[in-house]
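Please open the structure in a viewer and follow the selections below in order. The tour begins with a strand pairing and proceeds to the helices.

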Amino acid sequence: MLRFLKQRDQLKDLASIRTKYTKHPLPDVVYENLAALVPDRNTPLEQLSFLVVDFETTGFEPEKSDIISMGWVEISHHQIDFATSEHIYVDNSNNINHQTAVINHIVPQMVRDGVSLESAVLQLLERSRNKILVAHGKIIEKRFLDFYAQTHLNIPELPLVWIDTLRIEQWRSLEKGKQWNKDNRLTSVRTEYNLPQYAAHNALIDAIATAELLLAQLAHTYKHKSGKFGHLFKISQ
């Protein structure tokens, strides 16, 4: 019960922080995103829209690394809307070295015509307004967005509403009395649901793969019941 109340406070705290930051001078897109209400914990999941995102970066530390591509796709009414999918390259071609090219399959020529970081982030915030953000291992995406907020918006973080499929899988494993599998890569977790394997290290493909994983997790977690936002938020933190 205490854990439930603690999670309830996290939602309230998130809403309060979002309201607080709207008092700062912000670009319209950022303000409109933060001014949107955090969903009530009793909202049925089928009434919510999700934006599933993935970043490709040159490293794990935003102070030393850069975002080089973003991909996203929407989920509405428990269905992936492929018409909403988007893949954006960010113009950081000068910071792509050989190792980055090998890992991410992205070379300078591919991002030379990409958009600025500011344009990419603002597009993401516009598309995610009134939506729940989803990522597999959100720490990377959140860390880079928070760093952008600190360096470009003069606020400590971007208090967005996140769902993490990695955390959901960890919770499901513990609920079933299984030891949490340390191989938490997206491709490995997908095998638990017999989902097909895609080429890795493409931001859009990984976003779609994460969207498929989330729907599989929801189906196995709630079965024929109507899941509520508060519970999903709790198990994904």
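Which residue in β3 is the bridge partner of Ser-69? Select Ser-69 and Tyr-89 together: in this predicted model, Tyr-89 of β3 is the bridge partner of Ser-69. Next, extend the selection to strand β2 (residues 67-76) and β3, which pair in the antiparallel sense over 7 bridges.

Now display the sheet as a whole. It is an open sheet of 5 strands with mixed pairing, and the strand order is β3-β2-β1-β4-β5. Colour β3 (79-89) and β5 (162-164) to mark the edges, since each of these strands pairs on one side only. On average, and with direction ignored, neighbouring strands of the sheet are turned by 25 degrees against each other.

Add helix α6 (residues 139-153). Helix α6 lies across β1 (49-57), β2, β4 (132-135) and β5, and runs at about 80 degrees to β1. Then show α7, which also packs on the sheet: α7 touches β4 and β5, and its direction makes about 50 degrees with that of β5.

Finally, select helix α7 (residues 165-175) with helix α9 (residues 203-222). These helices pack at an angle of about 30 degrees, their axes 10 Å apart. Angles under 35 degrees count as roughly parallel, and α7 and α9 are therefore roughly parallel to each other. Their crossing is left-handed. To inspect the contact, show Thr-165, Ile-168, Glu-169, Trp-171 and Arg-172 of α7 against Thr-210, Leu-213, Leu-214, Gln-217, His-220 and Thr-221 of α9. Colouring by residue class separates the residues of this contact into 4 nonpolar, 5 polar and 2 charged.

How values were computed:
Residues numbered from 1 in each chain as written. Predicted model: local features only at pLDDT ≥ 70, side-chain atom pairs only at ≥ 80, totals over all residues. Heavy atoms only, no water. Axes fitted to C-alpha atoms, helices over the stretch in contact; angles between N-to-C directions. Helix = DSSP H or I, 4+ residues; strand = E, 2+ residues; numbered from the N terminus. Parallel < 35°, antiparallel > 145°, perpendicular 65-115°, else oblique. Left-handed = near helix turned anticlockwise from the far one by under 90°. Contact = heavy atoms within 4.5 Å. Nonpolar A, V, L, I, M, F, W, Y, C, P; charged D, E, K, R; others polar. Pairing = 2+ DSSP bridges.
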